[in-house]
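Please load the model in your viewer and keep the selection panel open. The stops below can be followed in order.

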Amino acid sequence: MASENQQRRAATQSDVAREVGVSRTLVSFAFRGAPGVSGETKEAIFEAARRLGYRPNAVAADLARKHRSAVGLYLMDIRNEIYADILSGVRTALAQQHNRLILSVSRSADGEDRGALESLIEARVGIIIAATLLDPDHDVHEMARSVSLVSVTRPVEGVDSVYSDDAYGARVATEHLLGLGHTRITHLAGLAYDGHLARRRAYEQTMRDAGLVPQTVCADDFTQDSGERAAARILDQADRPTALFCHNDQLALGAREAAYARGISIPGDLSLIGYDNSRTARLHGIDLTSVDLHAVQLGEAAGEVALERLANPDGPPADRKFMPQLVLRRSTARPPQM
């Protein structure tokens with residue numbers, strides 16, 4: 001039986017081996033799932049481990065195998081529902097494997113938190129799934145030289161990338177508003193970062209193609225509060241737009257609050273489109289028209305790419321592109337008669 005001294009300190013594989021009467025190597029084989037351990041012996045080892053409170057040291061096991069199996073997941077903003085959806089998809093992809101998943105979330109509203117990424121590198125993960133990186137491309141390439149990386153929601157040339165076609169999604173959203181008869185359409189964007197300008201550029205080009213002058217207003221970041229502040233400036237204009245196309249649902253929800261605070265009805269006075277198709281957008285009473293980038297599927301694909309990269313470190317960069325879909329709800333209508 002376990003001694004009092006063993007109970008005071010963390011149990012080791014050697015303690016389990018003594019408890020069962022086998023070698024420490026056999027205990028190691030049992031926990032690694034290696035061949036050569038009978039079912040009866042494995043059951044005895046696991047039972048002794050539970051009794052002693054032994055927990056395998058996954059980092060030490062990786063070092064012994066000279067292979068890092070842990071997957072790190074960096075999320076830019078856990079308050080944005082699409083990142084919860086991406087997490088759900090990643091977990092689904094890893095469910096049948098034994099890879100540990102280590103989560104790190106940015107502490108800053110604009111996602112510029114290198115410390116959250118560094119913490120994953122310090123945890124000796126084998127690969128990082130990053131959703132969403134705001135760093136310039138050259139910084140992303142520099143990081144990828146230190147640790148394998150999967151970029152989610154943003155394509156980075158030469159780096160494993162899983163993303164949705166933002167240019168297509170923005171074009172479809174803008175064309176929908178044009179088709180309803182809107183000509184004063186403003187794009188509410190977040191801050192400009194490398195790899196995150198496709199929605200803005202596609203909106204502006206679609207407006208120019210229609211013979212109209214685009215108007216883009218940048219919020220302070222990508223949150224609902226910043227969306228409300230930016231939309232207040234837009235809606236207080238004498239010649240305010242009749243439609244807003246927002247970079248994400250968070251900004252759109254902020255714009256919705258700013259509109260209602262001013263007695264502006266949606267969609268009677270203002271049509272509103274978001275991007276992400278978040279759970280909140282689908283709620284009755286909000287009914288936000290939004291572009292679905294398929295966040296859960298992006299997360300699942302990113303998990304699959306990460307596992308493939310761990311198995312084949314020297315393979316060519318993955319490039320998985322999803323086509324977004326405009327989901328029509330009650331926040332868009334024909335422009336008001338002026």
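How many helices and how many strands does the protein have? There are 13 helices and 12 strands.

**Whole chain**

Start with the whole protein selected. The model is predicted, and its pLDDT averages 88, with 90% of the residues scoring at least 70. Of the 338 residues, 49% are buried. Among contacts with a separation of 6 or more, 68% join residues that are 24 or more positions apart.

Now select residues 1–7. Here pLDDT stays under 50, and the model has eight contacts for this stretch beyond four places in sequence. Where pLDDT is low, the predicted coordinates should not be read in detail.

**Stop 1: helices α2 and α4**

Select residues 13–20, which form helix α2. Which residues of this helix are buried? They are Q13, D15, V16 and A17. Move on to G21, just after α2, where phi is positive at about 85°.

Add residues 39–52, helix α4. The axes of α2 and α4 come within 9 Å and cross at roughly 120°. The two helices are therefore oblique to each other, and their crossing is right-handed. To show the contact, display D15, V16, E19 and V20 of α2 together with A44, I45, A48, A49, R51 and L52 of α4. By class, these residues divide into seven nonpolar, no polar and three charged. D15 and V16 thus appear in two lists at this stop: they are buried residues of α2, and they take part in the contact with α4.

**Stop 2: helices α6 and α13**

Select residues 81–94 for α6 and residues 295–311 for α13. At what angle do these helices pack? The angle is about 40°, and the axes are 6 Å apart. The pair is therefore oblique, and α6 passes α13 in a right-handed crossing.

For the side of the contact on α6, display I82, D85, I86, G89, V90, T92, A93 and L94. They meet A295, V296, G299, E300, G303, E304 and L307 of α13. The contact has eight nonpolar, four polar and three charged residues.

**Stop 3: helices α11 and α12**

Select residues 224–235, helix α11, and residues 249–261, helix α12. They pack at an angle of about 50° with their axes 7 Å apart, which makes α11 oblique to α12. Once again the crossing is right-handed, with α11 passing α12.

Which residues of α11 meet α12? Display Q224, S226, G227, E228, A231, A232 and L235. Opposite them in α12 are Q250, L251, L253, G254, A255, E257, A258 and A259. By class, this contact has eight nonpolar, five polar and two charged residues.

**Stop 4: V217 in strand β7**

Select V217, which lies in strand β7, residues 215–218. Is V217 buried or exposed? V217 is buried, because its relative accessible area is 14% and the cut-off for buried is under 20%.

Next, draw a C-alpha distance from V217 to A230: the two are 13 residues apart in sequence and 7.3 Å apart in space. Then show what V217 touches, leaving out residues up to four places away in sequence: T186, H187, L188, A189, R233 and I234.

**Stop 5: L272 in strand β9**

Select L272 in strand β9, residues 271–275. L272 counts as buried, at 1% relative accessibility. Its C-alpha atom is 6.1 Å from that of F245, a residue 27 places away in sequence.

Which residues is L272 in contact with, apart from neighbours within four places in sequence? They are L244, C246, A252, A255, R256, I266, L288, T289, S331 and T332. One of them, A255, was already on display at the previous helix pair, as part of the α12 side of the contact with α11.

**Stop 6: H176 in helix α9**

Finish with H176, found in helix α9, residues 166–179. H176 and I273 are 97 residues apart along the chain, and their C-alpha atoms are separated by 9.7 Å. I273 is also one of the contacts of H176; beyond neighbours within four places in sequence, the others are L326, L328 and T332. T332 links this stop to the one before, since T332 is in contact with L272 and with H176.

Technical notes:
Residues numbered from 1 in each chain as written. Predicted model: local features only at pLDDT ≥ 70, side-chain atom pairs only at ≥ 80, totals over all residues. Heavy atoms only, no water. Axes fitted to C-alpha atoms, helices over the stretch in contact; angles between N-to-C directions. Helix = DSSP H or I, 4+ residues; strand = E, 2+ residues; numbered from the N terminus. Parallel < 35°, antiparallel > 145°, perpendicular 65-115°, else oblique. Left-handed = near helix turned anticlockwise from the far one by under 90°. Contact = heavy atoms within 4.5 Å. Nonpolar A, V, L, I, M, F, W, Y, C, P; charged D, E, K, R; others polar. pLDDT = per-residue confidence, 0-100. Buried < 20%, exposed > 50% of the residue type's maximum accessible area, 1.4 Å probe, protein only.
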